[in-house]
Amino acid sequence: MKVMKFGGTSVGSPQRMKEVARLVTAKGEPVFVVLSAMSGTTNSLVEISDYLYKKNPDGANEVINNLEDKYMRHLPELLSDEQRLAATRDFLHEEFQYLRSFTKELFTSFEEKSIVAQGEMMSTHMVAAYLEEQGVSTVLLNALDFMRTDKNAEPDPVYIKEKLTALMEQNPGAQVYITQGFICRNAYGEIDNLQRGGSDYTASLVGAALNAEEIQIWTDIDGMHNNDPRIVDKTEPVHQLHFEEAAELAYFGAKILHPTCVQPAKYAGIPVRLLNTMDPEAEGTTISNATEYGKIKAVAAKDNIIAIKIKSSRMLLATGFLRKVFEIFESYQTPIDMVCTSEVGVSMSIDNSSHLGEIVDELKKYGTVTVDTSLCVICVVGDLDWSNVGFETRVMDAMKDIPVRMISYGGSNYNISFLVREEDKRRALQSLSDHLFK
């Protein structure tokens, strides 16, 4: 069985929902479908929550009314059977009445998560109704019945596999199984969400639990490109990536995929394909545990980076110095992207400035601190094992005219990274594309 995930744009209108239905039934094979909320819905639900936090029920009700009107206008375009249309209209009306019930109660983050979850509930119900109208054997499974996180807010794979397997056994023989992406319950049974990776994470967890043949992530672009198509001309999709290559690209700027969401698929050895709903015949990108040797695959960039350098003679031959430095970042929950060291200094890059002042104050206990802002990390990904003689030279040659603040190489077999000024980003990306791919 294949798992197919469709994002908000893919189910953003009745016509798009019909196209999703066509894609999931095209081969007549049993599939498991994970859906996001209709595009724009989650933003409206967050806005409703914001009004309720501010104790403005009138503002919340106005957004609810506008959203309900949008959904009710969509229904006749999606469904033609009067009985099914009426049943789905009743379901949506109950959903919006449920949203209105929050305008009369105390509002906390628990209620907000319940509100935000309703977008996926509505989209899955509508698509399931359309598939049933088309005569497709369809089972709608509630993600809250099997998707759960543990006390560390991480997915609980043993629980997920046990509950999902039982639900599949209770509903055998369907052509299409549908569930909601993003939403789950936490260890205490409360409605929550998966946060990182959202619906992609759900698809990966479901695929691992079912030991799926393949996990397909359908978006509105044809896979990961070898450079940023918004900046560089004539980029091309990368047809094959190792999971670690995909994670590097995702972390350093390829927005099509969250870096952690495919980890369950990686550990289960299940390939992930990135496909385009607007061009279903395109090959897209396949991500697996296979390495394509001897190739540089792609370039990505990450903005709003800050470099922090601490210089201290006390670091010379000292043990424990780096531990003390890193513990400061850990205490403020600020991840470090890149690290470069010398005998008397260490430079680090971060992308979160919320505790920058406190971090710098703490670091000044150990040495002289310098901070550079408005920087950008440029990441080159591929088979960059040190035994591939000359690969790093090709990359460095492309960067020969770009001022570089830091270089990171050797921490991974798949990545070499450069820290440059944001104003040099476009020039650097174009030069790398010219030298490496043309």
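**Note on salt bridges and a surface patch**

1. At 24% relative accessibility, glutamate 362 counts as partly exposed. Its side chain meets that of lysine 365 in a salt bridge, at 3.1 Å from N to O. Lysine 365, for its part, is classed as exposed, with 52% relative accessibility. It should be kept in mind throughout that the model is predicted.

2. The pair just described belongs to a wider set: the count of salt bridges comes to 22. Side chains of opposite charge can pair when their charged atoms come close. The points below take up further cases.

3. Aspartate 192 and lysine 113 form a salt bridge through their side chains, with an N to O distance of 3.2 Å. Aspartate 192 is located in strand S6 (residues 191-193) and lysine 113 in helix H5 (residues 109-116), so this contact ties together parts that lie 79 residues apart in sequence. The two partners fall into separate accessibility classes: aspartate 192 is buried, at a relative accessible area of 11%, whereas lysine 113 is partly exposed, at 26%. Aspartate 192 is placed in the buried class because its value is under 20%.

4. A salt bridge within one helix is found between the side chains of arginine 323 and glutamate 327, at 3.4 Å from N to O. Both residues belong to helix H11 (residues 321-331), where they are 4 residues apart, about one turn of the helix. Arginine 323 is partly exposed, with a relative accessible area of 46%, and glutamate 327 is likewise partly exposed, with 39%.

5. Salt bridges also join into a network, whose linked residues are Glu245, Glu292, Lys295 and Lys297. The reader may wish to display these four side chains together.

6. Apart from the charged pairs, a nonpolar patch on the surface deserves mention. The patch is formed by Trp386, Met396, Val404, Ile407 and Tyr409, which together have about 500 Å² of accessible area. Which strand gives the most to the nonpolar patch? Strand S15 (residues 404-409) does, with 3 residues.

7. Methionine 396, a member of the patch, is placed in helix H13 (residues 391-398). With a relative accessible area of 37%, methionine 396 is partly exposed. That value meets the accessibility condition for a patch residue, because the cut-off is over 30% relative accessible area.

Terms used. Residues numbered from 1 in each chain as written. Predicted model: local features only at pLDDT ≥ 70, side-chain atom pairs only at ≥ 80, totals over all residues. Heavy atoms only, no water. Patch = residues over 30% accessible without salt bridge, like charges linked within 9 Å, V, L, I, M, F, W, Y side chains within 5 Å. Areas by Shrake-Rupley, 256 points an atom, 1.4 Å probe, with all protein chains shown as cover. Helix = DSSP H or I, 4+ residues; strand = E, 2+ residues; numbered from the N terminus. Buried < 20%, exposed > 50% of the residue type's maximum accessible area, 1.4 Å probe, protein only.
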